[in-house]
Amino acid sequence: MPSHRRRHHHFHHSYHQNYNHNHNNNFFPFIIPASIFSGVILLLFFFLSFHAHFPIITDHLPRPHFSLRYGATADGGKSRFVDNDDEEATGRDIWGSGLSKHFYGCSNASNHFAKAEEITEENRYVCIATSGGLNQQRTGITDAVVAARILNATLVVPMLDTRSFWKDSSNFSQIFDVDWFISYLANDVRIIKELPLKEGETWDPYHMRVPRKCTESCYVDRVLPQLLKRHAVLLTKFDYRLSNRLETDLQKLRCRVNYHALKYTDPIIKMGEKLVMRMRSMNTHYIALHLRFEPDMLAFSGCYYGGGERERNELGKIRRRWKTLHIRDPDKVRRLGRCPLTPEEVGLMLRALGYGKDVHVYVASGEVYRGEETLAPLKALFPNFHSKYTITSKEELEPFAPFSSRMAALDYIVCDESNVFVTNNNGNMAKILAGRRRYFGHKPTIRPNNRKLSMLFMNRENMTWDEFASAVRKCQKGFMGEPKELSPGKGEFHENPSACICEDFTGKEVAESNLRKFGMGKSSTWADLNATVDDESNDNETDLPDQEEVEDDTSGSQENSQLNKTQTDINASTVAEPELEHMLSD
């Protein structure tokens with residue numbers, strides 16, 4: 001600033017000297033060309049200013065990453081970056097899909113699928129010890145029924161995980177209607193509540209573990225020999241232990257279990273319905289957001305969110321709890337789309353998709369890293385912000401509060417009944433609900449295309465809001481819960497139950513004409529839609545190697561004394577990285 005003043009003073013000193021020397025002779029010849037030159041400069045400046053694209057102005061948004069050091073702005077968080085409040089800019093129905101009416105869930109068994117009483121062998125009992133949180137255990141229960149069917153065995157009602165990360169003491173009958181579960185599946189698998197006595201004494205089944213994504217032949221080769229020898233086996237840490245690719249009748253059995261047989265207990269259903277009614281009483285439509293931004297999850301992901309040394313120290317300390325975790329490059333992880341969106345990024349994505357600030361949002365989440373500081377930008381974008389804690393009294397939640405799985409079940413119901421379900425992650429609950437919403441009518445389910453969105457958020461400073469919103473909508477094509485977004489067999493079956501979704505071919509011609517409204521051209525067909533979506537979809541999760549598969553190769557020949565562990569051992573908290581990833585993604 002001082003040098004600027006010196007230059008300014010020198011200019012005036014020189015000018016006045018020149019003025020005094022030439023005032024009488026040269027004043028008018030000098031002033032006219034100078035005035036013309038100044039006018040041209042001003043006109044040019046005005047022209048450039050009018051046509052220039054100004055960068056995004058986000059006083060409370062850090063660049064290029066979201067920073068946990070930043071919260072809402074002083075004026076309540078309203079950002080000049082966001083200026084749309086409804087769906088007009090998107091040109092689409094943000095609350096539904098015209099294509100969904102041509103698809104429906106279909107999981108009835110074929111005429112070739114024998115009744116349980118015809119194929120169940122006497123003296124064959126399969127017990128299951130599930131693993132993880134509620135939704136991870138739900139996948140285990142679903143697959144356990146199919147595993148028992150493959151082995152022509154009687155299934156004992158699965159044991160829930162009571163000792164690992166969530167430390168929930170609830171048993172099966174305290175979360176699910178066990179009598180309904182048994183009766184609904186009576187034609188498919190014989191199910192009993194507990195093992196019968198063996199020679200008047202409690203039966204201790206043979207403990208073993210199968211590899212992840214074990215096929216039908218894998219069960220026949222590994223488990224059946226022990227079942228024939230021991231008559232009762234307990235399959236431990238039973239999560240994702242069944243292949244995604246099975247024959248159609250077994251896939252449909254999976255759907256009957258997951259979408260029909262697994263019904264919550266009456267107290268959970270009644271409380272869940274009460275929460276849904278309260279959300280509906282505030283507005284006809286609401287969005288449910290499953291937000292995963294807990295410290296443990298962020299530490300495990302290896303992502304960095306711009307919080308400086310404080311963030312690195314806090315999350316690094318948590319990460320060191322797991323000695324098996326590999327060091328990850330945060331920038332690479334983010335570019336690959338493996339970092340959960342921040343709460344603010346989710347809010348910006350939703351606003352870009354046409355959801356205005358008056359929309360009511362129900363948030364299902366655990367402990368959010370840095371709490372209100374992190375949530376403030378999302379609340380500024382969507383002031384009508386709710387959770388089960390804000391729309392109920394402490395007394396109403398008291399019967400459920402001590403049990404994490406029962407609380408998760410309440411969130412599950414509210415999210416399932418929402419008009420739009422959105423998630424910032426690709427965890428167990430996100431997958432389970434995405435599959436369920438496909439099965440029951442393809443209700444809008446927004447999965448962030450993290451790989452493309454992460455790059456977009458990193459570069460948003462150079463874009464106007466309209467440019468940013470248009471780019472978000474382009475990124476999200478194929479990630480909005482429309483029919484046939486995922487081709488059959490792609491991803492986890494629980495997320496994409498394609499074998500259980502049928503198409504109404506009588507309405508196909510009408511549906512294909514609707515595709516043209518989405519800009520796919522006159523010759524578009526369902527095959528074109530599949531091709532388009534598959535090109536844009538990405539599977540952000542890789543199949544991690546499981547050391548247990550190597551360990552289990554010899555499990556069939558090991559003696560029961562070596563493998564017959566206690567339930568405490570089964571639920572030991574020391575887990576391998578692939579198992580921990582599933583647990584933390586619930």
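How many of the 14 residues of H8 are buried? I will start there and then go through the rest of the chain. Please keep in mind that this is a predicted model.

The answer is 12 of the 14, so helix H8 is largely enclosed by the rest of the structure. H8 covers residues 248-261 and reaches 18 Å from its first C-alpha to its last, close to the 20 Å expected at 1.5 Å a residue. The buried residues include Leu250, Leu253, Val257 and Tyr259. Charged side chains are on that list as well, among them Asp249, Lys252, Arg254 and Arg256. What do the buried residues of H8 pack against? They pack against four helices: H3 (134-150), H5 (178-184), H6 (216-222) and H17 (428-439). Please remember H17, as I will return to it.

Now the chain as a whole. The secondary structure comes to 25 helices and 12 strands. Of the 586 residues, 53% count as buried. Among contacts with a separation of 6 or more, 81% are between residues 24 or more positions apart.

Next, the sheets. I will take two of them.

One is an open sheet of 5 strands in the order E4-E3-E2-E6-E5, with parallel pairing. Strand E4 (191-192) and strand E5 (206-208) stand at the edges, each with a single partner strand, so one side of each has no neighbour in the sheet. Further in, strand E2 (residues 125-128) is joined to E6 by 4 bridges, and the two run parallel. If you want a pair to look at on screen, Cys127 has Leu234 in E6 as its bridge partner.

Just before E6 there is a residue with a backbone angle to point out. His231 is in the loop between helix H7 (224-230) and strand E6 (232-235). His231 has a positive phi of about 75°, although it is not a glycine. Is His231 buried or exposed? Neither, in fact: at 28% relative accessibility, His231 counts as partly exposed.

The other sheet is also open, with 5 strands in the order E9-E8-E7-E10-E11 and parallel pairing. Here the edges are strand E9 (385-386) and strand E11 (445-446); each has a single partner strand, so one side of each is left without a neighbour in the sheet.

Let me walk across this sheet from the E9 side. E8 and E9 run parallel and are joined by 2 bridges. Tyr362 has His386 in E9 as its bridge partner. On the other side, 6 bridges join E7 to E8, again parallel. There, Ala288 stands opposite Tyr362 in E8. So Tyr362 is paired with His386 and also with Ala288. As for E8 itself, 5 of its 6 residues are buried, so the strand is largely enclosed by the rest of the structure.

At the far end, strand E10 (residues 420-423) is joined to E11 by 2 bridges, and these strands run parallel. Val422 has Ile446 in E11 as its bridge partner.

Which helices go with this sheet? H17, mentioned earlier, packs on the sheet and touches E7, E10 and E11; its direction makes about 155° with that of E10. H17 is also one of the helices that the buried residues of H8 pack against. Helix H16 (residues 404-417) lies across strand E7 (286-291), strand E8 (360-365) and E10, and runs at about 145° to E8.

Following the chain out of H17, we reach another histidine. His442 lies in the loop between H17 and E11. His442 has a positive phi of about 55° and is not a glycine. At 4% relative accessibility, His442 counts as buried.

Now a helix pair. Helix H13 (residues 343-352) and helix H19 (residues 465-475) pack at about 90°, with their axes 8 Å apart. They are therefore roughly perpendicular to each other. Leu348, Met349, Arg351 and Ala352 in H13 meet Trp465, Phe468, Ala469, Val472 and Arg473 in H19. By class, that contact has 7 nonpolar, no polar and 2 charged residues.

Last item: Pro483, in the loop between H19 and strand E12 (501-503). Pro483 is buried, with a relative accessible area of 1%. How many residues apart along the chain are Pro483 and Lys101? They are 382 residues apart, and their C-alpha atoms are separated by 9.6 Å.

Notes
Residues numbered from 1 in each chain as written. Predicted model: local features only at pLDDT ≥ 70, side-chain atom pairs only at ≥ 80, totals over all residues. Heavy atoms only, no water. Axes fitted to C-alpha atoms, helices over the stretch in contact; angles between N-to-C directions. Parallel < 35°, antiparallel > 145°, perpendicular 65-115°, else oblique. Contact = heavy atoms within 4.5 Å. Expected span 1.5 Å × (residues − 1). Buried < 20%, exposed > 50% of the residue type's maximum accessible area, 1.4 Å probe, protein only. Pairing = 2+ DSSP bridges.
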